[in-house]
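Reader: Could you take me through the aromatic side chains of this model, and through how the rings are arranged and paired? I would like a careful account of that one part, with its surroundings added where they help.

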Amino acid sequence: MRAYYYDNKQTDQRLPHECNPPEPVDLADLKKIGVLHWRIPIDEVAAEKEYKNRDIINVSRTGLGDAYEGKIKGFFEEHMHEDEEIRYILSGGGYFDVRETPNDRWIRIACVPGDLLVLPAGIYHRFTLDTSDATQAMRLFKDEPKWTPLNRGPETDSNIHRIEYLRSVGAAA
């Protein structure tokens, strides 16, 4: 896993978008905004964090078929969830972009096979594939699978899960 500030250039979202000069972000800084990362056997973390359910998603033209373009566009819309988003990368690669609080800059997290990423409920984020144009990931859930995206706007800014997230990272809600 490699994290760094996103350059905000209006080019292909699947490119690395690393600033020049690079502005790396370390695990301690990600932890400050609630983002967790591991490279250990998935079953150990699943047991520790009480993730009871899991499924596999194949994000590729083959895996998503006719829904591919719409899904990729939707994944890249800035949004949050009311539950943690847990992804264990099995193959391929992609980028999770997370909003740093309080300065509202994008941090890009490049994920490769073996990475386990946990995004807290209420954090604004988005996802895109890298230029391999495919990734397979295990999604983990504490309860029944639920991953409805709530796009950023006035309603999500006042969502209780967003407010709790902001409090958890020491930002005013």
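Author: What follows describes the ring pairs, then the charged groups placed over rings, and then two other features for context. The model is a predicted one, and the values below are computed from it.

A pair of aromatic rings is described by the distance of the centres and the angle of the planes. By that description the structure holds 2 aromatic pairs. One of them is formed by Phe75 and Phe127, which meet edge-to-face, with 6.3 Å from centre to centre and 70 degrees between the planes. This pair joins distant parts of the chain, since Phe75 belongs to helix 4 (residues 68-75) and Phe127 to strand 10 (residues 125-129), 52 residues apart. Phe75 counts as buried because its relative accessibility, 19%, is under the 20% cut-off. Phe127, with a relative accessible area of 10%, is buried as well.

Phe127 also takes part in a pair with Phe96, and here the arrangement is tilted, with the centres 4.8 Å apart and an angle of 50 degrees between the planes. Distant parts of the chain are again linked, as Phe96 lies in strand 7 (residues 94-99) and Phe127 in strand 10, 31 residues apart. Both Phe96 and Phe127 are buried. Taken together, the ring pairs connect Phe75, Phe96 and Phe127 into a cluster.

Rings also meet charged groups in this model. The charged end of Arg99 sits over the ring of Trp106, at 4.0 Å from the ring centre, and the charged end of Arg108 sits over the ring of Tyr95, at 4.3 Å from the centre of that ring.

Aromatic residues appear once more around the largest cavity, whose lining includes Phe141 and Trp147 along with His81, Asp83, Glu84, Glu85, Arg87 and Lys146. By class, this lining divides into 2 nonpolar, 1 polar and 5 charged residues. The space inside the largest cavity is about 50 Å³, and a search of the whole structure finds 1 cavity of 30 Å³ or more.

For a view of burial outside the rings, helix 2 (residues 42-49) is a useful case, with Ile42, Val45, Ala46 and Lys49 buried. These four lie on the same side of helix 2 because they cover an arc of only 100 degrees around the axis. The face of helix 2 turned away from that buried side carries Asp43, Ala47 and Glu48, which are exposed.

Conventions
Residues numbered from 1 in each chain as written. Predicted model: local features only at pLDDT ≥ 70, side-chain atom pairs only at ≥ 80, totals over all residues. Heavy atoms only, no water. 1 Å grid on protein atoms, 1.4 Å probe; cavity = no way out; pocket = protein on both sides within 12 Å on 5 of 7 lines; lining within 4 Å. Points joined across faces, edges and corners; volume = space filled by probe spheres on them. Nonpolar A, V, L, I, M, F, W, Y, C, P; charged D, E, K, R; others polar. Phe/Tyr/Trp six-rings, centres within 6.5 Å; stacked < 30°, edge-to-face > 60°. Helix = DSSP H or I, 4+ residues; strand = E, 2+ residues; numbered from the N terminus. Buried < 20%, exposed > 50% of the residue type's maximum accessible area, 1.4 Å probe, protein only. Lys NZ or Arg CZ within 6 Å of the ring centre and 35° of its normal. Arc of directions from axis to C-beta.
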